[in-house]
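Reader: I have a structure open and want to learn how to read it. Can we go feature by feature?

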Amino acid sequence: MSHPQDIEITDLFIIGGGINGCGIARDAAGRGLSVALAEMNDLASATSSASTKLFHGGLRYLEYFEFRLVREALIEREVLLKAMPHISWPMRFVLPYHRDMRFESDTPTSKLLGLFMPWMKGRRPAWLIRLGLFLYDHLGGRKILPGTATLELAGAPEGAPLQERFAKAYEYSDCWVEDSRLVVLNARDAAARGARIMTRTKVLSAQFEDGLWRIKTRNSENGEQATHHARMLVNAGGPWVGDIIHSTVHSSSREGIRLVRGSHIVTRRLYDHDKCYFFQGTDGRIIFAIPYENDFTLIGTTDADHPDAAQKPECTPQEQDYLLNFANQYFKRQLTRDDIVWTYSGVRPLYNDGASSATAATRDYTLKVDTSSGGPLLNIFGGKITTYRRLAESALEKIGAQIPVAKGPWTAGVPLPGGDFPVDGVAALTSELRARYPFLTDFWARRLVRAYGTEAAVMLGDAQSAADLGRDFGATLTEKEIAWLMAREFARTAEDVVWRRNKLGLRLGEEQIAVLDGWMAQCRYSASSAAE
Ligand SMILES: Cc1cc2nc3c(=O)[nH]c(=O)nc-3n(C[C@H](O)[C@H](O)[C@H](O)COP(=O)(O)OP(=O)(O)OC[C@H]3O[C@@H](n4cnc5c(N)ncnc54)[C@H](O)[C@@H]3O)c2cc1C
């Protein structure tokens, strides 16, 4: 099919700038495809900034016999850790044992146990937890992360914040990841490899005509509408994936998704060590309590069916109470709503596998090529932050069956921007940064290394003093850093900065955030006036 000379045709147009859209954009751009990505808000503004932030195999998925997902995710933890040692790090998880811990009643394990050991009445026996942890240790071939250990809690720091009835615990490894930075770094790397990343750009419609997708978009900052042409379309709309299938593309695909909301609460730091807790409830669910941003503790999550992607997810008072009551079954200190300093909530876009409960719905991903609208459309359902890179590889395999893709998988072992240093190198990098910029406090230097890795020094440039970094917006946030975030990391507003590029929103007051927002609006105005 021939097309007018003056239209620009991209190989791949991706709807959605969450982890899946940005991961696919990076992989595809690195294989030489021309790529455009449209995100209607900020990068990671939906589910991908609202996760529990773990690169994990998902210990509890073993109870659902999700061995494929768990194995892939376990192997992937160390691949990812090596590619991004600034934004990801190993963590130990302490699982206190108590004989009242129960399974959710409809897991396959629970059903089997009910059949062979009915006297357990749904309780999780200690030997089964040990078996699960043995599998967790061995399914994924660890090299960096230490294996499972047993802990006597009496007199141990891990036992100090817990009620005395917990005498014994198991300890295992998983990893932390700064989820929204992961998305932004993938987008940056995709852009560096030639992808066009458009934020604040909503896809209004997509039609396949004369052998090409015609995609109409609208920019929410200036109202401009545009038409893009592409050979293949990827729907990585997360919670909106179903709306895009039916209302944007008008496809007749019958695949369904299940929206499951998960909420977290943040309190001031509840204990003095750096390990996480994995708490099991009497309702069969589990929650985590995780050291967060040095001075805080993150507690979550919940599982509640969510009615509609258009409804902004919020941590309801009931969810807050549920998480507080859950944690209060373990901690000596009894938490109340007054302890909550922040909450956030996200919607899991899960593939609808007909599971009875929100907790039981599969966390695995499903990729479906749909040609019912005439052209090739790839719909992405489900997935985990942990499996985003493998999901992108699977997506590229499907894409390769529709349009030519010259190169094979390449992303394993290739660092994200700033991640080109050893997994245990954060302390050395922080010391180097402080030696070169003696005006940085320890907190400040560490924050910059955790955010930018080896690029922290590039961002600071030839600054000799804090004054050289320009205006101080509070909590170590300076004009120099904001300029970097606006120029290189697609940040447009204060919210993008203080809740997604970092978490300084926990330390800045409303007024300080408003001042920053005004300053960034002025920068945007000056930049657009200069461009006219
Ligand atoms: C509470 C909770 C805890 C979790 N914890 C973990 C965890 O610890 N570890 C883990 O591995 N995974 C975890 N997950 C899962 C993980 O967060 C998600 O699977 C992942 O973030 C989904 O990414 P996504 O790119 O598919 O969706 P999203 O991040 O939601 O991205 C979709 C994007 O598409 C955009 N969009 C939609 N429609 C349009 C349109 N018409 N035009 C332009 N843009 C559009 C949206 O604005 C959005 O930004 C958790 C999820 C939740 C909810």
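Reader: Which strands and helices do the buried residues of H10 pack against?

Author: First, a caution: this is a predicted model. The buried residues of H10 pack against strands E4 (88-96) and E20 (477-478). They also pack against helices H5 (179-192), H9 (426-436), H11 (456-460) and H12 (479-488).

Reader: Which residues of H10 are buried?

Author: Buried means under 20% relative accessible area. In H10 that covers Trp444, Ala445, Arg447, Leu448, Val449, Arg450, Ala451 and Tyr452. That is eight of the eleven residues in 442-452, so H10 is largely enclosed by the rest of the structure. Just after H10 comes Gly453, with a positive phi near 55°.

Reader: How do I read two helices that meet? At what angle do the axes of H12 and H14 cross?

Author: Start with the general idea. An α-helix has 3.6 residues a turn, so residues three or four places apart point the same way. Now the case here. The axes of H12 and H14 (residues 510-531) come within 12 Å and cross at roughly 55°. That makes H12 oblique to H14. The crossing is right-handed. H12 contributes Glu479, Ile482 and Met486 to the contact. From H14 come Leu516, Trp519, Met520, Cys523 and Arg524. By class, six residues of this contact are nonpolar, two are charged and none is polar.

Reader: What about unusual backbone angles?

Author: Most residues other than glycine have a negative phi, and most peptide bonds are trans. Look for the exceptions. Ala44 has a positive phi, near 60°. Ala44 sits in the loop between strands E2 (35-38) and E3 (54-55). Phe65 also has a positive phi, about 60°. Its place is the loop between E3 and helix H2 (67-83).

Reader: Are Ala44 and Phe65 buried or partly exposed?

Author: Ala44 is buried, with a relative accessible area of 1%. Phe65 is partly exposed, at 39%.

Reader: Which residues does a cis peptide bond join?

Author: Gly300 and Thr301, with omega about 20°. Thr301 lies in the loop between strands E14 (296-300) and E15 (304-305).

Reader: And the whole chain? How many helices and strands does it have?

Author: The protein chain has 14 helices and 20 strands. Its radius of gyration is 24 Å, close to the 24 Å that the globule rule gives for 532 residues, so the chain is as compact as a globular protein of that length. Buried residues make up 59% of the chain. Among contacts between residues at least 6 apart in sequence, 71% join residues at least 24 apart.

Methods. Residues numbered from 1 in each chain as written. Predicted model: local features only at pLDDT ≥ 70, side-chain atom pairs only at ≥ 80, totals over all residues. Heavy atoms only, no water. Buried < 20%, exposed > 50% of the residue type's maximum accessible area, 1.4 Å probe, protein only. Helix = DSSP H or I, 4+ residues; strand = E, 2+ residues; numbered from the N terminus. Contact = heavy atoms within 4.5 Å. Axes fitted to C-alpha atoms, helices over the stretch in contact; angles between N-to-C directions. Parallel < 35°, antiparallel > 145°, perpendicular 65-115°, else oblique. Left-handed = near helix turned anticlockwise from the far one by under 90°. Nonpolar A, V, L, I, M, F, W, Y, C, P; charged D, E, K, R; others polar. Rg over C-alpha atoms; globule rule 2.2 N^0.38 Å.
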